[in-house]
Structure formats: structure tokens, C-alpha cells
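Grab a viewer and work through these exercises. Each one comes with a solution you can check as you go.

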Amino acid sequence: SSNEYKLNFKKSKEACLSYIQDALLQKQWKRAAEFLTCYVESLEKDYSREHIGPSEMIWRIGTEILWHHSQSRMKEFNCFMEQMKTLGVKRYLKVCLEHVFHLLCNGQIDEAYQNLSLAESWRFGEQTAIQDKEIKLIQAYRGLLDYCSWSKQKKILLEHGEDGFADLAVEQEMHGYFRKAAVNLKEIIKIPGVWDVFVKCYVDLLEFYGEHNEARQVLNEYAYNSKFPANPNAHVYLYQFLKRQGESKKSLISALKILHDVVPSHELMIDFNTMLQKSKKRKKRQLGLEVIFAALDYAGWKENAKAWSCLARQVKQIVISEKHLDWIKQEWNSRKDWWPDFHFSRYLAKRNWQENKSLSYEKALVAGILLGKDCKYFKYVSHQGCKARVKRFRMLKKFVTRHNPVYLRISG
Amino acid sequence: RDFNERCAQCSEVNWGLTDGGRFYCRSCHNVTERTREVVNTDFITNSRVQTISKGLKKQGKNDGGCEWYICEGFQLVLKKQVEALEALGVCPQMKDEILCNFWRCYLQKSKQAYCKRPAGETVKALSVCESSTDVDSDPERPSLLHLLSLSESEGDLQTDCSFASSVSKASESTSVYSGSVDGSLYLMKNQKEKLRMTMPMTLSFCYLALLWVREPITLSELLRFVVEGHIPYMNVFQHFPEKMKLCGLDHKIFCVESWPLYEEVFNKMHELAAFLDLPRFPDITESCFLHPDMLCMKYLMEANLPDELHNWTCRVVKKIGIGEVDFLTLMPGNKSTRKVKYDVLAAAVIVVVLKLLFLLDDHYEWLLSEFAEERNKNNTEVCMFYSGGPYFEFKKWYEVVKHSLDVEQKKLDEEKAKYLWRCEKPLFYSVKNKSKVLKRRQMVVNLQNQFGKLSGSVQRAEKPNPSSFQLSWSEENTDGSCFHGHSLKGVLQEKCGLLTTMNPDYWLCTVKLCNEKLCGHLAHYREVEFPQSYHFVLGLFSFLLRIQPSYIHDEVCMIEHRLFNKKLCKKLKYNTVLRK
């Protein structure tokens with residue numbers, strides 16, 4: 001019907017929004033502001049059926065513009081946020097929280113704290129119960145800021161301690177912050193979610209005050225409770241804690257095993273491999289090999305000399321002992337089609353040699369074992385190394401030449 | 001003023017009105033027995049109430065408001081509109097003589113004034129309800145929600161519901177349905193026979209008057225001026241006097257939130273003309289602006305097409321008889337004659353002429369263009385001077401016009417997205433939500449200021465002066481972007497002493513016309529089914545007239561069928577190309 005073409009309020013504002021969207025995506029803040037000025041009168045219409053109403057749009061868009069626009073000042077930003085808080089009761093706490101984030105980004109810690117306290121004390125009939133989650137978050141962030149204050153006091157205390165001064169007032173204050181922080185942080189991490197920063201801070205507090213059992217419990221919950229979303233960091237934190245506590249290798253290894261399963265390219269894989277290599281158990285050593293091969297599958301590890309040295313060490317050790325060559329074979333099987341181009345091309349040989357001699361050494365060793373002494377990489381690097389009369393390269397050449405038949409068995 | 005008799009005593013014609021509504025002679029103060037039967041266009045409190053409804057005794061509300069009727073509101077709107085038209089240069093007779101009389105005639109025929117009893121009903125006091133029992137116990141009283149839904153104007157369902165619920169909730173205290181006396185009555189009655197007044201209809205009134213006076217302004221131009229803000233429409237109610245309080249249902253009637261469509265205004269205009277029982281309108285002759293020959297000339301200029309094309313448009317107009325006085329002149333109530341859309345018709349004629357000369361099948365026109373280009377290259381300037389301008393190259397024309405069109409269209413699209421629909425005078429449904437509305441308005445103004453400052457140098461410019469031409473091309477431009485003086489020689493040839501087109505073919509937009517009364521259209525336009533060039537040309541005029549291309553397409557079909565009537569009767573296959 002012809003009514004489809006009628007330009008009415010709704011269509012006009014929809015068009016306006018799409019212009020704003022384009023402007024935002026292209027970071028044209030002035031243009032976005034221009035169209036937003038025309039959009040704001042949507043507030044005077046009732047959009048209660050829409051999923052996202054104009055007040056939320058204006059809040060989000062306005063925040064972006066004011067945050068990025070060159071002429072905008074923090075004062076105007078704060079003023080705007082205050083207005084947005086009055087626009088929707090259902091959103092009040094969310095707006096408060098986001099405002100706090102912006103204040104923190106701007107370094108205004110005290111203002112952020114004030115806003116958090118204010119928001120925490122907000123009551124609005126049944127809304128208070130409905131927005132329970134937001135309240136918890138606000139309390140958690142306030143706890144976080146309390147932790148920061150605690151940290152500061154701790155630092156002061158330690159410095160004074162060195163000087164020999166015992167400052168009771170500071171200590172009292174510090175304990176006060178601890179109590180405030182602990183209460184709120186403990187609450188939030190009970191709720192399933194990703195709370196890395198809260199967990200870290202809470203554990204730090206617990207450790208300082210000697211509550212190691214509680215800390216361990218918290219970290220175990222965080223890492224192993226299936227209700228919580230899978231989070232590699234949880235395992236990292238647990239591992240680091242256990243390490244600090246001087247736990248046995250066994251528990252350390254079990255903590256890292258899951259991390260390897262979830263994020264094979266994690267930087268802790270080097271530690272993991274190192275631990276596993278040293279293990280007396282055969283299975284663990286094999287796992288170690290698996291771990292280091294898996295890590296080197298990722299582009300980000302290509303130039304990691306340490307990783308290569310781990311691999312090289314283990315490979316060398318296996319070759320020398322002549323035991324468990326099948327481990328290498330197994331690992332190499334799925335990689336022999338693409339690792340040569342990925343790691344051991346002639347181009348890389350040249351580049352590695354130029355940029356990082358140690359890296360090229362380790363890689364050459366691995367290449368020589370896996371691909372034989374005639375492979376491009378080994379040939380180039382060992383030739384260069386011998387030409388430069390670097391001793392270890394001569395040793396390397398000898399070693400690989402001696403064990404050359406191995407690669408046949410591996411690639412077999 | 002309208003009373004022209006000589007005074008019995010002093011023979012002067014200088015009349016005034018007493019408070020009692022009688023005429024008295026200003027020269028000698030002789031009071032006549034003649035009572036005033038016509039109300040003048042100015043708004044008068046209370047005397048109006050006396051003349052119309054005897055039953056109503058309530059005084060105005062406490063807040064200084066007065067009682068007012070919906071038709072008085074519309075009267076004010078019309079007054080504002082016609083004053084704006086006057087400011088644009090329309091002759092003053094339109095206001096005082098034509099529109100005024102049309103309006104009075106309307107009031108009389110719809111029995112809202114100038115008659116003994118308003119539609120045989122007393123105006124129920126739906127405006128102010130003091131006690132709750134009246135509201136709920138009356139079984140005949142329609143629900144507010146029902147009334148709201150009867151209104152043609154759009155609004156949000158949500159606002160209506162919230163208003164309705166807020167009213168029913170507040171039934172313990174005063175509930176206000178409308179500020180006007182007959183707001184709810186207005187929406188309630190089945191007005192089909194009586195042609196209920198709406199905001200779009202005010203434009204129908206204006207155009208009817210303009211047509212009567214044969215002003216050089218087309219309906220599409222009028223609507224464009226409305227959108228550009230030269231003629232009050234969108235928020236006219238903010239100019240109502242303070243005493244006329246608007247609230248509740250009044251908003252449904254006076255606040256529109258969409259621009260009226262050409263079709264809407266056009267159809268209502270014809271309905272109105274019939275309703276008012278108007279006689280045959282003044283003739284539209286060849287010298288009239290609205291005659292296709294004149295309009296074609298204007299549109300050819302605006303479309304940057306060669307002046308020579310005008311010969312061809314005149315030929316087509318003559319051949320199919322659409323330049324005849326009887327065809328063009330409006331005869332209200334005559335159902336057999338086709339209602340003429342002068343602007344669309346002229347545009348369609350040009351489209352047909354372009355099809356005749358260039359075929360516009362996405363192939364032939366480019367061929368002709370190449371041919372012209374060759375000729376132009378080879379000709380010297382002197383040659384061109386004598387032969388009357390360079391050969392018209394379709395390709396060049398297309399590039400130039402498309403570029404300008406794209407620029408203007410982009411501007412227009414941005415304008416549409418930047419419309420400000422609200423005005424300073426806030427709308428509130430009831431006294432209850434007044435404070436909330438005012439607070440919101442304040443916040444909107446604050447935000448507008450805050451972000452307006454960040455908009456950079458681009459502040460909303462003053463309304464551009466109203467102009468009849470949206471695209472203009474100057475012959476003085478040396479870059480060759482003006483095609484008015486170009487020659488059509490490249491596409492014409494002489495045959496038997498007559499100048500005819502080189503193009504021997506023509507394709508019909510449609511072989512069979514639809515029944516307009518059944519489906520509302522003569523044909524159905526789907527872009528993908530037609531050549532790009534045709535679509536472009538339709539798009540050009542669609543932009544100029546601010547209407548959908550399908551309307552022009554309809555007229556094109558109509559013209560083609562008249563033009564090739566004989567050949568069509570020979571029952572050709574669908575979509576074959578015709579040989580002229």
C-alpha cells in the first residue's frame with residue numbers, strides 16, 4: 001500500500017539512527033553528534049514495545065561521542081551521565097557502573113569510589129530486588145577499589161617497616177580496607193562468572209593474612225566448579241598459587257594439564273614441558289614431548305628460542321638414549337606435511353640465522369633430526385655456523401651427521 | 001463586510017457588528033434586524049458558542065481556557081496556511097474569497113455550522129467529567145480506547161493505551177478527554193457521509209482553492225513547500241491562541257506525525273469538490289500554467305533536456321487530446337472523467353517522448369549517443385553555431401544529470417533523517433502527565449544543546465527560500481553541462497517532408513491496463529522488469545515531484561494506450577515491440 005512510503009516519525013528516526021551508526025563506525029564524532037541532536041526528541045515518544053528504546057540508544061551513543069569527541073570535557077561527560085541516570089529506573093545501576101568505568105579510565109579513582117557508594121545505597125522499590133546482580137557488581141568493584149587502597153597502605157607499611165618505623169595508624173587503616181574488600185569480593189565470586197580480577201585480588205588478600213586454605217578453596221572452586229564458565233586463567237591462577245605454596249610437582253602438573261588441554265599455546269607450556277621432562281614417569285615425559293610440539297604448532301611460538309631449546313633438548317636426549325623414538329615418530333606423523341614449510345623453509349633459515357643465532361641453532365638441531373642432514377634448514381644453518389667457526393655448530397653438525405639414520409626411522 | 005446593502009438611513013455601506021450579532025451602520029448607528037449569519041475568519045470567544053449550541057451552559061475551565069470546537073481549530077490552521085501562501089505570492093483573493101467560501105460551504109454541508117442544530121445532537125459533555133459515576137455508568141459512552149482507534153492519525157498504540165489507562169485510573173478525579181468541546185464526538189461519529197476534516201485535508205482545501213484561481217503551483221510543489229516548512233502543517237497547533245487548550249483527543253486530530261502523500265491529498269480534494277457540490281472549475285486553457293504544454297516546458301528545463309523536445313511533447317499532447325479544455329478542467333462529481341494530475345501527466349508525457357526518440361531499451365539510446373558523439377567530434381564550432389547547438393548526447397546528459405541527482409538525493413535523504421518533528425509546545429494528554437512531559441521536553445532541549453555544540457560548524461541553516469526549481473542548469477556554464485540548447489538532429493530524420501524519429505520502434509510498458517477502481521493502479525511497476533534507462537528517467541521525475549515512480553509509470557501507461565490505441569486493438573502479443 002502507499003502507506004509504506006509515508007515518511008513518518010518512526011522511519012525518520014530509524015534513518016537518523018543508521019546515519020549515526022555510520023558516523024560512529026567511521027569515527028566521525030562531529031557528524032554523529034549532529035544526527036544525535038536530531039534523534040533525541042525520540043525521548044518524547046513512547047517506545048515501550050521496542051527491544052531497545054531511545055533512552056538506551058541515546059545513553060550509549062552519547063557516551064561514545066562524548067568520550068571520543070575532541071572538544072568534549074570530563075565535566076560535560078559527567079553531567080550527561082547524571083542526566084542518563086534519571087532516564088530509566090531499570091537501567092540506573094548499569095549507567096552508574098559504566099560511569100564508574102569511565103571515571104576509572106580517566107584516573108578519577110576517588111570520584112569513582114563516591115559514585116559506587118552512592119549507587120550501592122540506591123533503593124527503588126521492587127527494582128532493588130530485580131537489579132540484584134548489578135548491586136553485587138557495584139559492591140564488587142567497590143571491594144576492588146578497597147583492595148587498591150589496601151595495597152597502597154601495605155606498600156607504605158612495608159616501606160616504613162624497612163626504615164624501622166612501625167605505623168599503627170597505617171596498619172589499622174590497612175586492616176580496615178581488607179575487611180571491606182574481603183566481604184564484597186567474597187560475595188561476587190560465589191556467583192558463576194568470569195571474575196579474574198576479583199579472584200586475584202581476593203587471593204592476594206588471603207595469602208597476605210595467611211588464609212591459605214581458604215585461598216586454595218577459592219581457586220579450586222573457580223577452576224573446577226562446572227557451573228563457572230570455562231576459563232583458562234582460573235587454572236593459571238591455581239597453578240601460580242600452588243607454586244608459591246611449594247606444592248608437589250604432581251599437583252602442579254595436574255593443574256597445568258587442564259591448561260594444556262584448553263590452551264595448548266599458553267606461555268606456561270614451557271614450564272610445563274620443563275617439569276614433565278624431568279619426571280621419572282615415562283608417561284609424563286611423553287606428555288612433555290606432546291606439550292612442546294603442540295605449543296610450537298602456533299605461529300606465535302615460531303621464534304621462541306626457549307621453546308625450541310626445550311624441544312631440542314628432549315629430542316636430543318631421546319636420540320642419544322635410543323629409547324622412545326616412537327614418541328617422536330608419533331608426534332611427527334601429523335606434522336611432517338606442514339612443519340617443513342612452516343618452520344624449516346630456506347627463507348626462515350636465512351632469517352633466523354641473521355636475527356637470532358641461538359634460535360637457529362636449536363631449530364637446526366630439531367630439523368636435522370626430523371628431516372635429516374640434507375634438509376634445507378639444517379644445511380644452510382650448519383654451513384653458516386661452520387663458516388663462522390662457531391664451535392657449537394660444528395658439534396651440531398657432527399651430532400646430526402652421526403645420527404642421520406634416525407630421521408629415516410622417524411619419517412618412515 | 002459581506003453585507004452589501006445600503007443603510008436605510010444614510011445609504012452608506014459601512015457595517016459593523018453589535019454584540020448581539022446584528023448589523024449596525026457605522027456612519028449613523030442604525031441597527032438593523034439582520035443578524036449576522038456568517039462568521040468571519042477571526043476567532044471569537046463565546047459568541048460562537050451562542051450561535052451554535054444552545055444547550056451548553058458550562059463556562060470555560062478554570063485555567064483560563066475557553067470552549068472551542070474542532071472546526072474552529074481547523075479554521076485557524078487554514079488561515080495560517082493561506083497566509084503563508086499569500087506570502088509566497090499567491091493572490092489575496094484566494095484567502096478572502098475562495099478558500100473562505102469553500103470552508104463555509106464545508107461547514108454548512110457537514111452541519112458543523114451555519115445551520116439550525118449541529119447534526120441533530122447536543123454536544124455531550126465528554127470534555128470534562130467532574131464525577132466518576134457519570135463516566136462509568138453511561139452505557140452508550142464509547143470507550144476512550146475505541147475513540148482513539150477511530151482516529152486516522154497514527155500514533156503509538158502504547159501512548160494511546162497508557163493515556164486510556166491513565167484516564168480510567170483517574171476516574172476518581174477529573175478526567176479530561178479533550179480540550180475542545182467536541183473532540184471525542186468528532187472521532188466517534190461515522191463521518192463517512194460527512195467527510196470528516198483531517199490535517200491532510202487542509203492541504204486539499206488549499207489546493208482546491210489554488211486550482212480555482214489557477215495559480216501556477218502544482219500539487220507536488222505545494223506538498224514540497226509544506227515539507228520544506230514554507231507552509232504550516234506539522235505543528236500548526238502551537239500557534240493556536242493560549243485560550244484554546246489542547247489536550248487528549250485533540251492531539252489525535254491536530255498532531256500528525258507523517259507527511260501527507262500526494263495520492264491522499266489528491267483524492268480527498270476530489271471528494272471534497274464533490275461534497276461541496278462545486279460547479280465546473282475555471283477552464284484550464286493552453287496559456288494556463290497547469291496545461292501540459294507549459295508544465296512540460298518547465299520540467300524539460302528542470303531535467304536539463306533540449307528545448308527542442310518541447311515540439312514533441314506538444315505533438316503527443318495534441319495527438320492524444322490531453323490538452324483539451326474539457327479534459328483538463330475539473331468537474332466535481334463527474335465520475336466518468338479521469339481525474340487529472342497535471343504534474344504527473346506532464347512528466348509522463350516527457351517520459352513517453354524520450355521513449356519515442358531514444359527507445360530507452362538500455363541499448364539503442366547509447367548507440368545514438370555514440371553516433372552523436374562522433375558527429376560532435378567532427379564538427380567545428382562554426383558548424384555547431386549554425387546548426388543550432390551540438391548534437392545531444394544521451395550519455396553525457398545521463399552522466400551530468402545523474403551526478404546532480406545523486407547529490408540532491410543524498411541531501412534529501414539526510415534532511416529526512418534530520419527532521420525535527422516536535423515543537424516547543426509540548427503535547428500532553430492530561431493534566432496529570434503534564435509535568436512528566438515538560439520534564440522530558442526540558443531534557444530533550446538540554447541534550448540538543450549539548451550535542452548541538454559538538455556538531456561543529458554545521459548548525460541548522462535557515463530554511464532555503466522556496467523555489468520552483470530544484471535543479472537548475474545554466475547555459476553560461478562553459479563545461480557543457482547545460483543541454484537546453486542542444487540539438488536533436490542526431491535522432492531525427494526527414495521522411496516525406498515530415499520530421500520523424502530515427503528510432504522506428506517502441507515498447508509498451510504494459511499491454512493491458514489494470515482496472516484502476518479495483519486495484520488502485522493502471523499498472524504495476526517493478527523495477528527489475530524494465531530497462532535501467534527507463535528506471536532512471538522515472539527516478540528523475542520521481543525526485544522532482546517527490547512521488548513514487550509507480551505513479552508516473554501509471555500515467556505513462558495511460559498515455560501509451562491512448563497513443564497506440566489503434567494498434568493495440570489489433571491484439572498484439574504481450575511485450576512485442578511496436579513499429580510506429
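**Exercise 1.** Find what the side chain of E120(A) pairs with, and decide whether E120(A) is buried or exposed.

*Solution.* Start with the side chains: E120(A) and R142(A) share a polar contact of 2.3 Å (a pair of N or O atoms within 3.5 Å, where within protein one must be able to donate a hydrogen and the other to accept it, and residues adjacent in sequence count only if both atoms are side-chain atoms). Bear in mind that this is a predicted model, where local features need pLDDT of at least 70, side-chain atom pairs need 80 or more, and totals for chains, interfaces and linings use all residues. Residues count from 1 along each chain as written, chains are lettered from A and ligands numbered from 1 in written order, and side-chain values use heavy atoms, without hydrogens or water.

Next, place the residue: E120(A) sits in helix α6 (residues 109–120) of chain A. Its relative accessibility is 17%, so E120(A) is buried (under 20% relative accessible area, 1.4 Å probe, protein chains only). Finally, leaving out residues up to four places away in sequence, E120(A) touches I135(A), I138(A), Q139(A) and R142(A) (heavy atoms within 4.5 Å).

**Exercise 2.** Work out how α14(A) and α15(A) are oriented.

*Solution.* Take the angle: α14 (residues 269–277) and α15 (residues 282–295) of chain A pack at about 155°, axes 8 Å apart. The two are therefore roughly antiparallel (over 145 degrees). Then sort the contact residues: 8 are nonpolar, 3 polar and 2 charged.

Notes:
Helices (H or I, at least four residues) and strands (E, at least two) are DSSP runs, numbered from the N terminus. Buried means under 20% relative accessible area, exposed over 50%, partly exposed in between (1.4 Å probe, protein chains only). Axes are lines fitted to C-alpha atoms, for helices over the stretch in contact, and angles run from 0 to 180 degrees between N-to-C directions. Angles under 35 degrees count as roughly parallel, over 145 as roughly antiparallel, 65 to 115 as roughly perpendicular and the rest as oblique. Ala, Val, Leu, Ile, Met, Phe, Trp, Tyr, Cys and Pro count as nonpolar, Asp, Glu, Lys and Arg as charged, and the others, Gly among them, as polar.
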